[in-house]
Amino acid sequence: MCSLEKRGRLFILKLTGDGEHRLNPTLLDSLRSTINQIRSDQSSSQSVLITTSDGKFFSNGYDLALAETNPSLSVLMDSKLRSLVADLISLPMPTIAAVTGHASAAGCILAMSHDYVLMRRDRGFLYMSELDIELKVPAWFMALIRVKIGSPAARRDVMLTAAKVTAEMGVEMGIVDSAYDSAVETVEAAVRLGEEIIRRGGDGHVYGKMRETLLREVLVHTIGEDESGSSVVRNTRSKL
């Protein structure tokens with residue numbers, strides 16, 4: 001599932017085990033519970049979150065095999081991931097994804113929901129696989145893609161050619177902040193970045209509110225806010 005280590009003012013959240021870290025309801029609940037645990041810590045507003053994983057995968061997306069057993073699970077997983085992304089956006093601290101393996105579809109969305117994305121260059125890719133597996137991308141995925149990928153050409157390649165984006169390609173596209181030679185080096189770099197951010201100082205609550213404003217378009221699709229920040233009724237469904 002996932003584990004949490006507190007190292008000084010760094011919180012290191014890890015998806016554990018050698019599996020694909022498929023985002024099923026149980027794992028999504030565990031991740032949300034861990035984020036809420038971090039939020040409730042008294043030091044949270046002066047801290048940094050690093051999210052990483054064991055094994056070959058950062059996350060291989062939704063658990064589609066599970067969803068095939070019950071169509072309602074597709075909607076449930078989408079709802080839980082939307083809530084998790086909203087939690088990350090509102091978290092009162094900077095967030096770093098140390099992507100040490102493949103991050104596909106919903107797993108790619110999870111990685112890009114962090115403020116910084118660091119990635120290993122020797123293995124793994126970011127991959128929006130929906131075109132290849134013939135599933136329509138939900139509107140809220142696209143909202144995040146528009147905010148996180150500035151280049152129209154890069155957005156086209158990611159979404160309309162299902163490009164398997166390596167770390168070096170991701171740096172060129174502006175999706176990945178920096179690339180490293182191994183999983184260990186990627187996590188170590190994320191720790192250094194986190195410590196640098198902490199030394200820089202700042203109020204995490206102010207940071208979180210600024211991020212909410214910056215990513216307002218995404219929140220419209222996740223927690224049902226309108227452009228003024230008022231709550232609205234959400235009726236968004238996904239095939240994923």
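**Helix 9 and its strand neighbours**

Visitor: What phi does Gly201 take, just after helix 9?

Guide: Gly201 takes a positive phi of about 80 degrees. Helices here are DSSP runs of H or I with at least four residues, strands are runs of E with at least two, and both are numbered from the N terminus.

Visitor: Where do these values come from?

Guide: The model is predicted, so local features need pLDDT of at least 70 and side-chain atom pairs count only at pLDDT 80 or more, while totals for chains, interfaces and linings use all residues. Residues are numbered from 1 along each chain as its sequence is written, and side-chain values use heavy atoms, leaving out hydrogens and water.

Visitor: Back to helix 9, then. What span should its 18 residues have?

Guide: The expected span is 26 Å, at 1.5 Å a residue (1.5 Å times one less than the number of residues). The end C-alpha atoms of helix 9 are 26 Å apart, which agrees with that figure.

Visitor: Which residues of helix 9 are buried?

Guide: The buried residues are Thr186, Ala189, Ala190, Val191, Leu193, Gly194, Ile197 and Ile198 (buried means under 20% relative accessible area with a 1.4 Å probe and protein chains only; exposed is over 50%, and partly exposed lies in between).

Visitor: And what do those buried residues pack against?

Guide: They pack against six strands: strand 1 (2-7), strand 2 (10-15), strand 3 (48-53), strand 5, strand 7 and strand 10 (contact means heavy atoms within 4.5 Å).

Visitor: Let us take strand 7 from that list. Is it mostly covered or mostly uncovered?

Guide: Strand 7, residues 116-120, is mostly covered, with four of its five residues buried.

Visitor: How many bridges join strand 5 to strand 7?

Guide: Four bridges join them, and the two strands run parallel. Strand 5 covers residues 95-99. Strands pair if DSSP finds at least two bridges between them.

Visitor: Which residue in strand 7 stands opposite Ala98?

Guide: Leu118 stands opposite Ala98.

Visitor: Now strand 10. How many bridges join it to strand 7?

Guide: Strand 10, residues 178-180, is joined to strand 7 by three bridges, and this pair also runs parallel.

Visitor: Which residue of strand 10 does Met119 stand opposite?

Guide: Met119 stands opposite Ala179. To bring the picture together, strand 7 is bridged to strand 5 and to strand 10, and the buried residues of helix 9 pack against strands including these three.
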